[in-house]
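Thanks for coming. I will go through one structure this morning, starting with its sheet. Please look at the screen.

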Amino acid sequence: TKYNLLTFLPKNLFEQFRRLANFYFLVVAIIQLIPGLSPISPVSSILPLVFVLAVTAIKEAVEDFARHKQDTEINNKTTLILKNQSFVIQKWSDVQVGDIIKLADGEFFPADLLLLSSSENQGMCYIETANLDGETNLKIRQAVTETFS
């Protein structure tokens, strides 16, 4: 996730004011607050700016919460990890760098993995990366030559 309860407001405002249009309207609103400088009420520029910021913040909060739920769901799925010369079922959240993982055909994996071996000829493996880049065609990967034979 991108935010937590303490960092949501500052990070979100920082991201929103990095957009040139939002920053421009903030400067206009500040200038209109100076008495005698603007003939119109400052509310006419502050209210639309606050509305746009609020709607965008709500959208970001909803998306971040959905991302948090999805991350938690994926982290609680299990996989087989080699420990003491046997495979043990563990959560994906417990996978460490250097762990050897056994995957079955069609199994989802939410991590960067190095293919050591495959049941296919010449250590070939076919992966789908639709959740990363939107492409649904299978990509061919080959195991490290020292380990696939």
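Two strands count as paired if DSSP finds at least two bridges between them. Helices (H or I, at least four residues) and strands (E, at least two) are DSSP runs, numbered from the N terminus. This is a predicted model: local features need pLDDT of at least 70, side-chain atom pairs count only at pLDDT 80 or more, and totals for chains, interfaces and linings use all residues. Residues are numbered from 1 along each chain as its sequence is written, and side-chain values use heavy atoms, leaving out hydrogens and water.

In what order do the strands of the open sheet lie? The order is β2-β1-β3, with antiparallel pairing. At the edges are β2 (86-91) and β3 (101-102), each pairing on one side only. Two bridges join β3 to β1, residues 78-83, in the antiparallel sense. I81 stands opposite I101 in β3.

Now the helices. α3 covers residues 43-75, 33 in number. From first C-alpha to last, α3 reaches 47 Å, close to the expected 48 Å, which is 1.5 Å times one less than its number of residues.

Which residues of α3 are buried, meaning under 20% relative accessible area (1.4 Å probe, protein chains only; exposed is over 50%, partly exposed in between)? They are S45, L49, L53, T56, A57, E60, D64 and I74. These buried residues pack against α1 (8-17) and α2 (20-32), where contact means heavy atoms within 4.5 Å.

Last, V27. This residue is found in helix α2 and is partly exposed, with a relative accessible area of 33%.
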